[in-house]
Structure formats: C-alpha cells, structure tokens
Amino acid sequence: MKVTFTANGRPVEADDVWEGESLLYVLRERVGLPGSKNACEQGECGSCTVYLDGLPVCSCLVAAGQVQDREVRTVEGLGTEDGELGLVQQAFVDAGAVQCGFCTPGLLVQTDALLAEDPQPSDDDIREALSGNLCRCTGYEKIMDAVRLASARACAGTEGAA
C-alpha cells in the first residue's frame with residue numbers, strides 16, 4: 001500500500017508499505033528520517049517517540065497505515081528551519097545529557113512536549129513526563145539538568161540563557 005502523510009512539515013509518500021509495518025520502520029527505512037531509534041519494539045523504552053498529530057507516541061506501536069493524511073513530527077523536526085539545533089536539543093548538548101545517544105531522540109521529543117504543556121515544570125513533573133523513557137547509560141541527573149536548562153532558556157526567551 002501507499003501511505004501519504006506530513007513529516008516535519010513536508011509531504012511524504014511511502015510506497016510498497018506492508019500493512020503491519022510500524023511508523024518507526026517507515027520513518028527510518030522508507031522516508032530517510034533515522035533519528036527515532038528502534039530499541040524495544042514494544043513501546044516500553046520511549047526511544048522511538050515522535051509526535052503524531054501533536055501528541056507524543058511510541059512510533060514502534062503505530063501501524064504505518066494509521067498515519068495516512070496525518071502529521072508526524074520527529075526529533076529531526078525539533079531543530080530550527082535553518083538546520084540549527086532547537087532549544088531542547090541544544091540544552092541536552094550543553095548539559096552533557098547525551099551519552100550513547102540511543103534514548104536521546106525520545107527524551108528530546110518528550111521534553112519538548114512537556115515544556116509546551118508546562119514551561120516551568122517541577123522536578124516531579126519532569127520525572128513523571130520522562131518516566132516512559134529508559135536510559136541505560138545515566139542516573140538521569142544530566143537529563144534532569146538538561147530539562148531544567150531548556151525550561152530556563154524557554155522562559156527567558158533565549159537559547160543562550162542559563
């Protein structure tokens with residue numbers, strides 16, 4: 001089957017898609033957006049989190065046919081229009097929250113969603129929002145620092161504020 005949808009603001013068409021293919025597979029292998037990672041394929045780790053019509057979802061659990069005529073935004077879509085890192089992405093780099101990088105795409109999307117909903121989340125709010133994202137490299141403290149930094153910068157209205 002053919003699936004047509006919007007990915008990061010651009011129309012996308014994937015041909016010869018099998019009915020059981022996941023959105024994750026289509027994004028990575030057919031559309032050329034490899035940012036979302038394939039880790040558990042069971043919706044448990046959060047590495048494949050993308051926006052679907054503005055809501056974060058595990059793309060490994062979404063059948064490709066379900067995205068027909070819908071809007072998908074991936075970690076690649078969090079950057080600026082001129083190809084620079086977005087506010088959340090830059091905060092993760094600056095806080096040293098990126099280690100192996102496998103969990104990072106899902107954490108970035110989930111952090112972006114959290115800050116869109118609550119620009120000044122408490123530590124408990126951050127922990128709750130990121131509870132579906134597993135990281136095997138860290139104790140999460142640098143990730144918490146990154147979210148706090150992104151929040152501070154968003155509230156200050158600048159990507160350079162601390």
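Is Ser22 buried or exposed? In this predicted model, in which residues are numbered from 1 along each chain as its sequence is written, Ser22 is buried, with a relative accessible area of 17%; buried denotes under 20% relative accessible area, exposed over 50%, and partly exposed the range in between, with a 1.4 Å probe and protein chains only. Local features were required to have pLDDT of at least 70, side-chain atom pairs were counted only at pLDDT 80 or more, and totals for chains, interfaces and linings use all residues, while side-chain values rest on heavy atoms, with hydrogens and water left out.

The protein contains 5 helices and 5 strands, arranged along the sequence as β-β-α-β-β-β-α-α-α-α. Helices (H or I, at least four residues) and strands (E, at least two) are DSSP runs numbered from the N terminus. The radius of gyration is 16 Å, which agrees with the value near 15 Å for a compact globule of 162 residues; it is taken over C-alpha atoms, and the globule rule is 2.2 Å times the number of residues to the power 0.38. Along the principal axes, the C-alpha atoms occupy a box of roughly 50 × 30 × 25 Å.

Of the 162 residues, 44% are buried. Contacts (heavy atoms within 4.5 Å) with a separation of 6 or more were also examined, and 54% of these join residues 24 or more positions apart. The exposed surface amounts to about 8,300 Å², of which carbon and sulfur atoms supply 46%; accessible areas come from the Shrake-Rupley method with a 1.4 Å probe, and for residues only the protein chains shown count as cover.

Ser22 itself is located in the loop between β2 (10-14) and α1 (23-30). When residues up to four places away in sequence are not counted, Ser22 touches Ser59, Cys60, Val62 and Ala64.

A second buried loop position is Ala95, with a relative accessible area of 14%. Ala95 belongs to the loop between α2 (87-94) and α3 (104-117). Apart from neighbours within four places in sequence, the contacts of Ala95 are Lys142, Asp145, Ala146 and Leu149. For Ala95 and Ala146, which are 51 residues apart along the chain, the C-alpha atoms are separated by 5.1 Å.

Within the preceding helix, α2, the residues Val88, Gln89, Ala91 and Phe92 are buried. These residues lie on the same side of α2, because they cover an arc of only 160 degrees around the axis; the arc is that of the directions from the helix axis to the C-beta atoms. An α-helix has 3.6 residues a turn, so residues three or four places apart point the same way. The cover over the buried residues of α2 includes α3 and α5 (141-156). Just after α2, Gly96 adopts a positive phi of about 70 degrees.

Positive phi values were also found outside glycine. Most residues other than glycine have a negative phi. Asp53, although not a glycine, has a positive phi of about 50 degrees. Asp53 is situated in the loop between β3 (49-52) and β4 (55-58) and is partly exposed, with a relative accessible area of 40%. For Tyr140, phi is positive and near 75 degrees. Tyr140 lies in the loop between α4 (123-129) and α5, and this residue is partly exposed, with a relative accessible area of 28%.
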